[in-house]
Amino acid sequence: MNELPMSHHKHNDPLPETVLRVKALESLLVEKGLVDPAALDALIDTYETKVGPRNGARVVARAWADPAYRERLLSDASAAIAELGFSGRQGEDMVVLENTPQVHNMVVCTLCSCYPWPVLGLPPVWYKSAPYRARAVAEPRAVLEEFGCSLPEDVEVRVWDSTAEVRYLVLPMRPRGTDALNQAQLAELVTRDSMIGTALPRSP
Amino acid sequence: MPVLKADNVAAVLRKGASARLADPLPARFAVGQTVHALNINPPTHTRIPRYVRGRRGVVHSDHGVFTFADAHARGETVPERLYSVRFSSEELWGPQGSPGGSVYVDLFESYLASAT
Amino acid sequence: MNGAHDLGGMHGFGAISPEPDEPVFHADWERRAFAITLAMGAYGRWNLDMSRYARERMEPAEYLRTSYYEHWIHGLQLLLIEQGLLSAAEIEARMQRIAAETDAGAES
């Protein structure tokens, strides 16, 4: 229980009661045979070490390097992403949004925290928190500025609110000066936030 | 369903649980059509956010047929067509909207009416 | 429902403040809350929309005061009780027992 007084993260300080409640629920569910402790460890390990934004970065890098793949990704994202072995929970029905010199896409879930888990992993705290959910749809340019993403005035900003079971992934624009890079090197430039649409990819 | 065992975790996650349904329902709205989101206030689960209720938008795409979330929250599987609807920022936020900006919202067919 | 979860367009929440090099989970209770919620989802007594509705029924002021996985735990407990898998009394009793054991451990 010593995480109680030691948890100081701004968004995450739980009520002390919450920590106790989680322990109580887990202990009762295990005791009644409703959850398998080894399955809990496997679930945690999956999202802590196996599934994360490196998956999405591979999808983006492939689309940058392979025009036929990009076409498939834009016309049937779920199938094209599954080609790379990424599918399943919270990514069953995917749509990919392509950024262009004229259009910048940005994804939010104002009602909860819908997010494409197979390609991005679990969402960061800011994505799930009130300020982003409240502001992304109403003042996206101010939000982008806070992320250090300043777009030219003539770029059209499109915000996508994931209010149903479709999950969105942004395909950012390929940075200049990357012609000589292979897919693994390109993937290194693709950040999580560039696939949510709150940032641009890194420059080489 | 049985208790989730460690051996099944990877398979269960990989399979997921798509909310898409195969029911061949006709589409009441066409891509490009102007619609308005109904002003409804169900006291139970719904996926129509308050900020689009009563606002006019344009059907951007037809996602196909999915399980209707409002009914699903009551444990019922009701097929319904789902659309991406584009709302201009100014339609949603008036003078505080950003010119040229827009918000795309996934809305079930029964949240919408024709605006013509 | 017109709950506190329906946040689009609200004012007054301040800056977004992303956390550099954010870990997937910030504390062990978050890992456990995440895993028991997914495991019980897979058990199939309720679906994702029922889970969302359970989280949305958190009292609005409390919803805004608490973090994401606290919403999850609130929703999970509500569903467990509604579905008759656990009772509120046995959850309270188990919390008291764990608290007492923890205090005893700390004093020894």
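## Cysteines and disulfides

A disulfide is a pair of cysteine sulfur atoms within 2.5 Å. By this rule, the count over all chains of this predicted model comes to 0 disulfides. Cys112(A) illustrates the result: the cysteine sulfur closest to that of Cys112(A) belongs to Cys114(A) and lies 3.5 Å away, which is too far for a bond. Because the cut-off is 2.5 Å, the pair Cys112(A) and Cys114(A), at 3.5 Å, is not counted.

Two cysteines of chain A can also be described by their accessibility. Cys112(A) has a relative accessibility of 16% and counts as buried. Cys149(A), with a relative accessibility of 3%, is likewise classed as buried.

## Chain A as a whole

Chain A contains 12 helices and 4 strands. The C-alpha trace of chain A extends over about 55 × 35 × 30 Å along its principal axes.

Chain A has 204 residues, and 60% of them count as buried. When contacts in chain A are restricted to residues at least 6 apart in sequence, 66% of those contacts join residues at least 24 apart.

## The interface of chain C and chain A

The contact between these two chains involves 54 residues from chain C and 58 residues from chain A. The area buried between chain C and chain A is about 5,200 Å², and carbon and sulfur atoms account for 67% of this area. On the side of chain C, the residues Ile16(C), Trp29(C) and Arg32(C) together supply 14% of the area that chain C buries against chain A, more than any other three residues.

Polar interactions also cross this interface. There are 7 salt bridges between chain C and chain A. One of them joins the side chains of Glu90(C) and Lys32(A), with an N to O distance of 3.2 Å. In addition, 18 residue pairs, both members at pLDDT 80 or more, are in polar contact across the interface of chain C and chain A. The elements giving two or more residues to the side of chain C that touches chain A are helices H1 (28-43), H2 (48-56), H4 (68-82) and H5 (88-107) of chain C. Of these, H1(C) gives the most, with 13 residues. By class, the residues on the side of chain C that touches chain A comprise 31 nonpolar, 10 polar and 13 charged.

## Arg94(C) within the interface

Arg94(C) is located in helix H5 of chain C, an element that gives two or more residues to the side of chain C touching chain A. The relative accessible area of Arg94(C) is 8%, and the residue is therefore buried, since buried means under 20% relative accessible area.

Which residues are in contact with Arg94(C), leaving aside its neighbours within four places in sequence? They are Ala24(A), Ser27(A), Leu28(A) and Glu31(A).

## The interface of chain B and chain C

Here 22 residues of chain B are in contact with 17 residues of chain C. The area buried between chain B and chain C is about 1,600 Å², of which 50% comes from carbon and sulfur atoms. Met1(B), His45(B) and Arg50(B) supply 33% of the area that chain B buries against chain C, more than any other three residues.

The count between chain B and chain C is 1 salt bridge. Arg50(B) forms a salt bridge with Asp6(C), and the closest N and O atoms are 3.2 Å apart. Arg50(B) is also one of the three residues named above for their share of the buried area. Across the interface of chain B and chain C, 10 residue pairs are in polar contact, with both residues at pLDDT 80 or more. The side of chain B that touches chain C has 13 nonpolar, 6 polar and 3 charged residues.

## Tyr83(B)

Tyr83(B) lies in strand E3 of chain B, which covers residues 79-88. The residue is buried, with a relative accessible area of 0%. Tyr83(B) and Trp93(B) are 10 residues apart in sequence, and their C-alpha atoms are 21 Å apart in space.

Leaving aside neighbours within four places in sequence, Tyr83(B) is in contact with residues including Ala27(B), Arg28(B), Phe29(B), Val59(B), His63(B), Val105(B), Leu107(B) and Leu112(B). For Arg28(B) there is a further detail: the side chain of Tyr83(B) reaches the backbone nitrogen of Arg28(B) at 3.3 Å.

How values were computed:
Residues numbered from 1 in each chain as written. Chains lettered and ligands numbered in written order. Predicted model: local features only at pLDDT ≥ 70, side-chain atom pairs only at ≥ 80, totals over all residues. Heavy atoms only, no water. Buried < 20%, exposed > 50% of the residue type's maximum accessible area, 1.4 Å probe, protein only. Contact = heavy atoms within 4.5 Å. Buried area = accessible area lost by both parts, 1.4 Å probe. Salt bridge = Lys/Arg side-chain N within 4 Å of Asp/Glu carboxyl O. Polar contact = N/O pair within 3.5 Å; in protein donor to acceptor, adjacent residues only side chain to side chain. Nonpolar A, V, L, I, M, F, W, Y, C, P; charged D, E, K, R; others polar.
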